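Student: Before we turn to a particular case, could you show me how to read charged pairs, domain interfaces and unusual backbone angles in a model? I would like the general idea each time, followed by what the structure shows.

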Amino acid sequence: MAHASLERPRNLAAWALVLMASLLAVSAKAEERYWPPIVDPPTGQHHPGRFVWVDLVTSDVAAAAGFYGAVFGWTFETYGGEDDRDTYTLALADGLPIGGMVYDQRAKQGKKLSARWVGLISVTDLKAATSAVTQGGGKVVYQPVMLGERGETAIYQDPEGVVFGLVNSKSGDPPDFAGDVNEWYWIDLWSADVEKAAQFYRAVVGYETVPIADDGPRSGVRLVSGGFARGGIMAKDSKETSATWLPYIRVADVKATAARTTAAGGKVLLQPMALNLATVAIIADPTGAPVGIVQVPATEAQP
Amino acid sequence: MSKGDDRLLPRLAAVVALAMALDGCASDGGDSSYSGVSTSVSMSMGYGYGGYYGGGYYPGYYPGGYPPLVVVPPRPPGSRPPVNLPERPTTLPETSRPSTRPAPMPSTRPSTVPRPTTRPSFRPAPRPMPMPRPMPMPSRR
């Protein structure tokens with residue numbers, strides 16, 4: 001028995017060594033790539049809790065870029081090697097970098113996978129936030145690493161499995177203004193349990209949460225940091241609906257954007273809907289990534 | 001411990017070394033299945049930008065891709081008693097409403113603050129956009 005008890009730890013140690021070596025190999029590869037800065041030129045500002053970047057994970061970067069170029073007028077710069085599946089495609093709105101696109105490695109088998117935009121939230125202490133993720137029932141998809149010019153970044157799943165990222169931007173965060181037309185303006189988390197999700201993101205990011213019970217039967221909260229609403233969590237109203245973060249792009253005309261969506265090969269998942277002074281719709285790009293669009297009058301965007 | 005077990009560590013170390021060496025040149029053959037620790041796992045994990053977002057990173061991470069979003073159209077006012085308000089599909093604040101006062105949106109960029117559309121910092125030369133991915137053709141029997 002004594003012999004057997006010594007044997008198991010030795011085997012475990014061997015497996016642990018292999019696993020650690022594998023993880024180190026991953027980290028090294030990610031760090032070797034060029035990751036564009038969050039802001040350029042650097043601002044040196046940090047606005048913890050603000051969504052400062054969004055990346056699209058898609059099985060067809062070219063098709064997605066063609067769609068967003070046609071519908072929102074974005075332009076693109078692509079970085080990486082010769083392999084089309086190992087590139088980072090930077091998206092720019094009127095010359096301003098606002099996000100990126102990467103190839104989904106799960107599509108290698110030829111499957112057409114549903115794509116998703118993954119948002120990155122600004123934090124200043126990634127180590128503490130990562131600890132809060134695991135303590136709160138989330139999972140670490142990619143441990144914090146320094147990703148080139150982007151800064152220290154990590155990817156997680158919340159307790160419902162929803163993917164999100166945290167970043168301590170090397171160049172700082174964008175100045176704290178709402179997005180202009182064709183830029184990111186808002187983001188919602190669709191959750192099966194609003195309070196549980198709110199508790200998780202309060203612990204991880206340090207948000208205050210403000211209920212929005214007076215806005216209708218679909219309950220929710222807004223996530224507040226630095227005195228500003230950064231996004232919200234709302235109850236998903238159907239079991240068919242998956243939990244997800246859903247980012248919104250500000251547009252000049254929701255109806256016209258919806259029309260361009262279908263013309264460019266996308267789908268309109270929620271027809272344009274008036275909300276007091278704003279109008280919203282939800283669309284999907286040709287690779288399946290859902291995204292909201294919102295039209296707000298200039299007076300509404302400048303309180 | 002058997003002789004086979006004694007050889008496990010060096011064998012596994014060799015496998016890892018091979019995986020790390022091949023990592024930069026993995027291609028179509030990359031397998032992201034998770035039947036334990038294997039070379040295919042480490043190769044798919046470390047491969048490129050896309051692997052960063054978790055494709056093949058650990059078991060259970062959306063192995064079939066992200067679930068599609070199903071949107072249920074909101075019901076109009078009056079169709080869902082007792083609350084006679086439209087269902088909002090978003091938590092987006094409207095600054096004209098009193099309920100948003102504790103959490104206003106940041107203001108839009110004033111015209112006096114220029115947008116930094118000229119980027120001065122060094123960056124690599126961009127390369128051509130990836131080519132569209134051809135859909136696989138169904139095989140004929």
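**Charged pairs, domains and backbone**

Tutor: Let us start with one charged residue: Lys170(A) counts as exposed, because its relative accessibility of 52% lies over the 50% cut-off. Please keep in mind throughout that this is a predicted model.

Student: With which residue does Lys170(A) form a salt bridge?

Tutor: The general idea is that side chains of opposite charge can pair when their charged atoms come close. Here the partner of Lys170(A) is Glu149(A), with 3.6 Å between the closest N and O atoms. Lys170(A) belongs to the loop between strand 8 and strand 9 of chain A, while Glu149(A) sits in the loop between strand 6 (139-147) and strand 7 (151-157), so the salt bridge ties together parts that are 21 residues apart in sequence. Glu149(A), at 33% relative accessibility, counts as partly exposed.

Student: Are Asp176(A) and Arg50(A), which also form a salt bridge, buried or exposed?

Tutor: Asp176(A) counts as buried at 16% relative accessibility, and Arg50(A) is likewise buried, with a relative accessible area of 14%. Their closest N and O atoms are 3.3 Å apart, and the pair links distant parts of the chain, 126 residues apart, since Asp176(A) lies in the loop between strand 8 and strand 9 of chain A and Arg50(A) in the loop between helix 1 and strand 1.

Student: Which side chain of chain B meets Asp180(A) in a salt bridge?

Tutor: That side chain is Arg115(B), at an N to O distance of 3.3 Å. The pair joins two chains, because Asp180(A) lies in the loop between strand 8 and strand 9 of chain A and Arg115(B) in the segment after helix 4 (48-52) of chain B. Asp180(A) itself is buried, its relative accessible area being 18%. The pair should be read in context, for Asp94(A), Asp180(A), Glu183(A) and Arg115(B) are linked in a network of salt bridges. Over all chains, a search of the whole structure finds 13 salt bridges.

Student: What is the area buried between domain 1 and domain 2 of chain A?

Tutor: As a general point, the size of an interface is often given as the accessible area lost when the parts come together. Domain 1 of chain A covers 14-169 and domain 2 covers 177-300; the area buried between them is about 3200 Å², with carbon and sulfur atoms giving 67% of it. On the side of domain 1, Phe67(A), Phe72(A) and Glu160(A) lose the most area to domain 2, together 20% of what that side buries. In terms of contacts, 39 residues of domain 1 touch 41 residues of domain 2.

Student: How many salt bridges and how many residue pairs in polar contact does the rule find across that interface?

Tutor: The rule finds zero salt bridges across the interface of the two domains, but 15 residue pairs in polar contact. The elements of chain A that each supply at least two residues of the side of domain 1 include helix 2 (61-72), strand 1 (51-58) and helix 3 (126-135). Helix 2 gives the largest share of that side, namely seven residues. By type, the residues of the side divide into 27 nonpolar, six polar and six charged.

Student: Which residues does Ala284(A) touch?

Tutor: Leaving out residues up to four places away in sequence, Ala284(A) touches several, among them Phe67(A), Thr261(A) and Leu269(A). Ala284(A) is part of strand 15 (residues 278-284) of chain A, and it counts as buried at 6% relative accessibility.

Student: Where in the backbone should I look for phi and omega values that deserve attention?

Tutor: Most residues other than glycine have a negative phi, and most peptide bonds are trans. In chain A, a cis peptide bond with omega of about 10 degrees joins Asp40(A) and Pro41(A), and Pro41(A) is placed in the loop between helix 1 (2-32) and strand 1. Asp94(A) has a positive phi, near 50 degrees, and this exposed residue, with a relative accessible area of 60%, is found in the loop between strand 3 (87-93) and strand 4. Asn182(A), whose phi is near 75 degrees, lies in the loop between strand 8 and strand 9 (184-191) and counts as partly exposed at 22% relative accessibility.

Terms used
Residues are numbered from 1 along each chain as its sequence is written. Chains are lettered from A and ligands numbered from 1 in the order in which they are written. This is a predicted model: local features need pLDDT of at least 70, side-chain atom pairs count only at pLDDT 80 or more; totals for chains, interfaces and linings use all residues. Side-chain values use heavy atoms; hydrogens and water are left out. Domain bounds come from an automatic or database domain assignment. Contact means heavy atoms within 4.5 Å. Buried area is the accessible area (1.4 Å probe) that two parts lose on being put together, summed over both. A salt bridge is a side-chain nitrogen of Lys or Arg within 4 Å of a carboxyl oxygen of Asp or Glu. A polar contact is a pair of N or O atoms within 3.5 Å; within protein, one must be able to donate a hydrogen and the other to accept it, and residues adjacent in sequence count only if both atoms are side-chain atoms. Helices (H or I, at least four residues) and strands (E, at least two) are DSSP runs, numbered from the N terminus. Ala, Val, Leu, Ile, Met, Phe, Trp, Tyr, Cys and Pro count as nonpolar, Asp, Glu, Lys and Arg as charged, and the others, Gly among them, as polar. Buried means under 20% relative accessible area, exposed over 50%, partly exposed in between (1.4 Å probe, protein chains only).
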